[in-house]
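I opened the model today to look up how one helix sits in the fold and how one sheet is put together. My notes follow.

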Amino acid sequence: MFNSLFPTAASTYAGDVDALYFFLIAVTAFFTILIAALVAFFAVRYRRRHADEVGAGITGSHSLELLWTVIPLGITMVMFFWGASVYFQIYRVPRGAMEIYITGKQWMWKAQHPDGRREINELHVPVGRPVKLILGSEDVIHSFFVPAFRAKMDVVPGRITNLWFESTKAGRYHLFCAEYCGLNHSRMIGSIVVMEPADFQAWLAGGTGAEASPAAAGEKLFTDLACHTCHRDDSLARGPQLRSLFGRTVKFQDGSTAVADENYIRESILNPQAKVVAGFQPLMPTFQGIASEEQILQLIAYIRSLAGAEATEATAR
């Protein structure tokens with residue numbers, strides 16, 4: 001019955017999300033019916049039968065109060081630990097996940113694969129392989145939602161968010177924007193095309209071959225914006241060197257520290273005075289309005305590529 005009411009479950013964690021959801025519905029329905037039935041029963045059983053009738057005093061029961069305290073507490077603890085388990089399953093990206101950059105924009109989803117191939121409102125992925133999406137927005141709040149995967153993540157201006165899934169069935173699945181993002185919000189739809197690994201490789205090979213990977217495009221942009229004149233490896237550097245930066249803990253002039261992840265790098269590009277690295281002067285200009293959100297993702301991809309794979313995966317977790 002439920003299979004006809006819900007979309008196909010096509011990711012590794014979709015079944016766990018559904019099981020938790022049905023448990024919450026069952027508990028809610030059980031207590032709703034129980035309370036309604038008890039209210040009706042007591043209203044009839046203890047109704048006032050005569051105008052001069054006076055009810056008996058209620059003395060209370062410690063056993064009954066203990067019972068209706070312990071049982072709900074136990075049920076809510078089950079909900080908490082079950083929900084926490086599903087949460088960590090959804091938000092902890094497995095090692096070796098294929099990374100795809102996604103940019104939300106009124107009214108489209110733009111995707112760029114590791115080899116540079118681009119798509120709009122369509123995303124091809126292989127079945128049976130974890131896929132990590134690195135999400136950014138060019139304008140307003142969007143929400144990347146694939147009902148068949150039970151996967152949903154807000155795409156917020158000024159932040160980089162991540163979402164991962166591993167599809168279990170080949171096919172074409174709906175992609176929606178689940179956040180009202182403007183007048184034509186309903187047009188911001190697309191498809192996730194899940195392919196067998198061999199078919200996916202053939203699809204990748206069918207690209208034009210002229211598209212640079214996000215990291216390569218970021219490296220070119222890094223040079224075009226003259227970032228390399230300050231972020232250099234010799235004694236003339238006026239900014240911290242970026243090699244092996246990603247995933248490392250950075251110390252700032254005020255003594256605070258932060259891990260160099262996607263959001264730290266994004267903030268350093270658009271608001272470089274917010275966190276000035278210890279030992280350097282606040283000389284870097286902002287690139288707000290100069291680099292688009294898509295270009296910022298490319299710069300992040302380039303800086304990530306300068307770090308080892310181990311540091312990159314550690315930050316992803």
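Before reading off any partners, I noted that two strands count as paired if DSSP finds at least two bridges between them. I also kept in mind that this is a predicted model.

Entry one, a strand pair. I looked up strand S6 (residues 142-146) and found that S6 and S7 pair in the antiparallel sense over 5 bridges. Within this pairing I checked one residue, valine 146, and its bridge partner in S7 is alanine 151.

Entry two, the whole sheet. Following the pairings outward, I found an open sheet of 5 strands, in the order S4-S10-S9-S6-S7, with mixed pairing. Strand S4 (122-126) and strand S7 (151-155) stand at the edges and each has a single partner strand, so one side of each is left without a neighbour in the sheet. I read an average turn of 20° between neighbouring strands of this sheet, direction ignored. I then looked for what lies across the sheet and noted helix H4 (residues 197-205), which lies across S4 and strand S10 (189-195) and runs at about 130° to S4.

Entry three, helix H5. Which residues of helix H5 (residues 214-224) are buried? I listed Pro214, Ala217, Gly218, Leu221 and Phe222. They cover an arc of only 145° around the axis, which puts them on the same side of H5. As background, I wrote down that an α-helix has 3.6 residues a turn, so residues three or four places apart point the same way. The buried residues of H5 pack against strand S1 (98-105), strand S2 (108-112) and helix H7 (293-306). Last, I looked past the helix and found that H5 is followed by alanine 226, which has a positive phi near 65°.

Key. Residues are numbered from 1 along each chain as its sequence is written. This is a predicted model: local features need pLDDT of at least 70, side-chain atom pairs count only at pLDDT 80 or more; totals for chains, interfaces and linings use all residues. Side-chain values use heavy atoms; hydrogens and water are left out. Buried means under 20% relative accessible area, exposed over 50%, partly exposed in between (1.4 Å probe, protein chains only). Helices (H or I, at least four residues) and strands (E, at least two) are DSSP runs, numbered from the N terminus. The arc is that of the directions from the helix axis to the C-beta atoms. Contact means heavy atoms within 4.5 Å. Axes are lines fitted to C-alpha atoms, for helices over the stretch in contact, and angles run from 0 to 180 degrees between N-to-C directions.
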